[in-house]
Amino acid sequence: MTDSERLSDKRLIKGARARATIARHAADVASVEGLTGLSLGKLATDLGLSKSGVSTLFGCKENLQLAAVESARDVFLGTVVAPALNEERGLARLRTLVDRWLDYVATPAMPGGCFRAATVPEFDSRPGPVRDAIGADRREWLDFLEKAIRYAQDDGALADHDAATLAFELDAVVAAANSGARIGDESALPTARRIVERLLGEADQHRS
């Protein structure tokens, strides 16, 4: 490898790191102010960077929004999904998955709480690439949750439930808990945990 190639590689690595840092901050900001509230100039100021440098990395606001969606997805996967994968497939993994999900609401990784809950209503009626990315992320999560439920059913749990319906119910409960928690309703999370326990607790009753 020539010196020129090494220098080029270092610049690519530096650029990738800068892009990841900006995208992560953009996700934090969007969780509070929405994706439409993102600004290349404001993010540059927040991070002590030049606006031209941020513009070079992302090109336009829409690309920044898409990067924020991807960064938020990575945070969710690392915080909620990855720990649950340490459990064997079945009810134990499903319980861990939902517990970590509620913990994610109780102790949010972003200042505005759940990124998905904040951005889905913002873009649900705005066709375009950003809406498509948010929708794909939501579908991917519900599909994963439904698959986790099916694994539990394969072990004899939750036999009386339709997996897709239960995934929808769990998603609705956690979304409501997030909304309540964000406006200071201290009963929101305990109520959500009781509902989840009622839904998943039935599994233990049917297996015993």
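**Nonpolar cores and a helix crossing**

Of the 32 residues that belong to the largest nonpolar core, Leu94, Leu145, Ile149, Leu158 and Leu170 touch the most other members. The model described here is a predicted one. The points below take up this core, a second core, and the packing of helix 7 with helix 8.

**The largest core**
- At least two residues of this core come from each of helix 4 (61–84), helix 5 (91–106), helix 7, helix 8 and helix 9 (188–207).
- Among these contributors, helix 5 gives the most to the core, with eight residues.
- Leu94 touches Leu145, Ala148, Ile149, Ala152, Leu158 and Leu200, when residues up to four places away in sequence are not counted.

**Another core**
- Apart from the largest core lies another core, made up of 24 residues, among them Val29, Phe58, Ala67 and Val130.

**Helix 7 against helix 8**
- Helix 7 (residues 129–154) and helix 8 (residues 163–182) pack with their axes 8 Å apart and at an angle of about 120 degrees, which makes helix 7 oblique to helix 8.
- The crossing of helix 7 and helix 8 is right-handed.
- On the side of helix 7, the contact is made by Arg138, Trp141, Leu142, Leu145, Glu146, Ile149, Arg150 and Gln153, while helix 8 takes part through Ala163, Ala164, Leu166, Ala167, Phe168, Leu170 and Asp171.
- The residues of this contact of helix 7 with helix 8 divide into ten nonpolar, one polar and four charged.
- Leu145, Ile149 and Leu170, which take part in this contact, are also among the residues that touch the most other members of the largest core.

Key
Residues are numbered from 1 along each chain as its sequence is written. This is a predicted model: local features need pLDDT of at least 70, side-chain atom pairs count only at pLDDT 80 or more; totals for chains, interfaces and linings use all residues. Side-chain values use heavy atoms; hydrogens and water are left out. Axes are lines fitted to C-alpha atoms, for helices over the stretch in contact, and angles run from 0 to 180 degrees between N-to-C directions. Helices (H or I, at least four residues) and strands (E, at least two) are DSSP runs, numbered from the N terminus. Angles under 35 degrees count as roughly parallel, over 145 as roughly antiparallel, 65 to 115 as roughly perpendicular and the rest as oblique. A crossing is left-handed if the near helix is turned anticlockwise from the far one by less than a right angle, and right-handed if clockwise. Contact means heavy atoms within 4.5 Å. Ala, Val, Leu, Ile, Met, Phe, Trp, Tyr, Cys and Pro count as nonpolar, Asp, Glu, Lys and Arg as charged, and the others, Gly among them, as polar. A nonpolar core is a set of buried Ala, Val, Leu, Ile, Met, Phe, Trp, Tyr and Cys residues joined through side-chain atoms within 4.5 Å. Buried means under 20% relative accessible area, exposed over 50%, partly exposed in between (1.4 Å probe, protein chains only).
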